[in-house]
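User: I'd like to go through this one and ask what stands behind each label. Can you walk me through the reasoning?

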Amino acid sequence: MKKLLCAILIVTICMSMLLVGCVQNTGDKPDSYKGIVWTSSDYSFRFDPEKDCKGVYKFNDKKYNIQLVFDPKMVIAYDTDKNNTQLFNADWKYEEKDNLYLYNISFNTEVYKEMKDNYMEFIMLHQEKSK
């Protein structure tokens, strides 16, 4: 009986370890904030979580209207003026207290030929109060 209980206990512990390993604890995603707008220091990139993460990305005097979709580790930016074509994807994390760091940015250069000259690999966004 003791061997059976030990075996059940071991299986239970192993299963709980597997399940805990699958859960990601990254805190609140950037799209869940209220009352703020995420923006870069030069205002070339900004989005509003309360407006379905819609915003703007500017590159070489061209403005792209975008919508961001976050998952626990990645973000995808869709061009809302071009039938929600993917503009770029990136990894994200929080830096310091109120900064959002997008890194490993990969542009869709097959559709957006002009992005071949865009060497931005990361960007830091900070919080501003929304109007």
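Analyst: Sure. Let's start with one bridge: Trp 38 has Phe 47, in S2, as its bridge partner. Keep in mind that this is a predicted model.

User: What makes S1 and S2 a pair?

Analyst: Pairing takes at least two bridges between the strands. Strand S1 (residues 36–40) and S2 have two bridges, in the antiparallel sense, so they meet the cut-off.

User: And how do you know that S2 and S3 are paired?

Analyst: Four bridges join these antiparallel strands, and the requirement is at least two, so S2 and S3 count as a pair. One example is Arg 46, whose bridge partner in S3 is Val 56.

User: What happens in the hairpins there?

Analyst: The hairpin of S1 and S2 has four residues between the strands, and Tyr 43 takes a positive phi near 60 degrees in it. The hairpin of S2 and S3 has five residues between the strands, with Asp 52 at a positive phi near 55 degrees.

User: Which strands make up the barrel, and in what order?

Analyst: The closed barrel has eight strands and runs S1-S2-S3-S4-S5-S6-S7-S8, with antiparallel pairing. Neighbouring strands of this sheet are turned by 30 degrees against each other on average, ignoring direction.

User: How do you know that S7 and S8 belong together?

Analyst: Strand S7 (residues 99–107) and S8 pair over five bridges, antiparallel; the cut-off is at least two, so the pair qualifies. Within it, Asn 99 is bridged to His 126 in S8.

User: What makes the link from Asn 108 to Val 111 a polar contact?

Analyst: Asn 108 sits in the loop between S7 and S8. Its side chain reaches the backbone nitrogen of Val 111 at 3.4 Å. The limit is 3.5 Å, so the distance passes. Leaving aside neighbours within four places in sequence, Asn 108 is also in contact with Thr 85, Gln 86 and Leu 87.

User: Why do Arg 46 and Val 56 count as lining the largest pocket?

Analyst: Both are among its lining residues, and a lining residue has an atom within 4 Å of a pocket point, so each must meet that test. The pocket has a volume of about 180 Å³. Strand S2 (45–48), strand S3 (54–59) and strand S8 (122–129) each give two or more residues to the lining.

User: How does that lining divide by residue type?

Analyst: Into three nonpolar, two polar and seven charged residues. Gly 55 is one of the lining residues, and Gly counts as polar here, so Gly 55 goes in the polar group.

Terms used: Residues numbered from 1 in each chain as written. Predicted model: local features only at pLDDT ≥ 70, side-chain atom pairs only at ≥ 80, totals over all residues. Heavy atoms only, no water. 1 Å grid on protein atoms, 1.4 Å probe; cavity = no way out; pocket = protein on both sides within 12 Å on 5 of 7 lines; lining within 4 Å. Points joined across faces, edges and corners; volume = space filled by probe spheres on them. Axes fitted to C-alpha atoms, helices over the stretch in contact; angles between N-to-C directions. Polar contact = N/O pair within 3.5 Å; in protein donor to acceptor, adjacent residues only side chain to side chain. Contact = heavy atoms within 4.5 Å.
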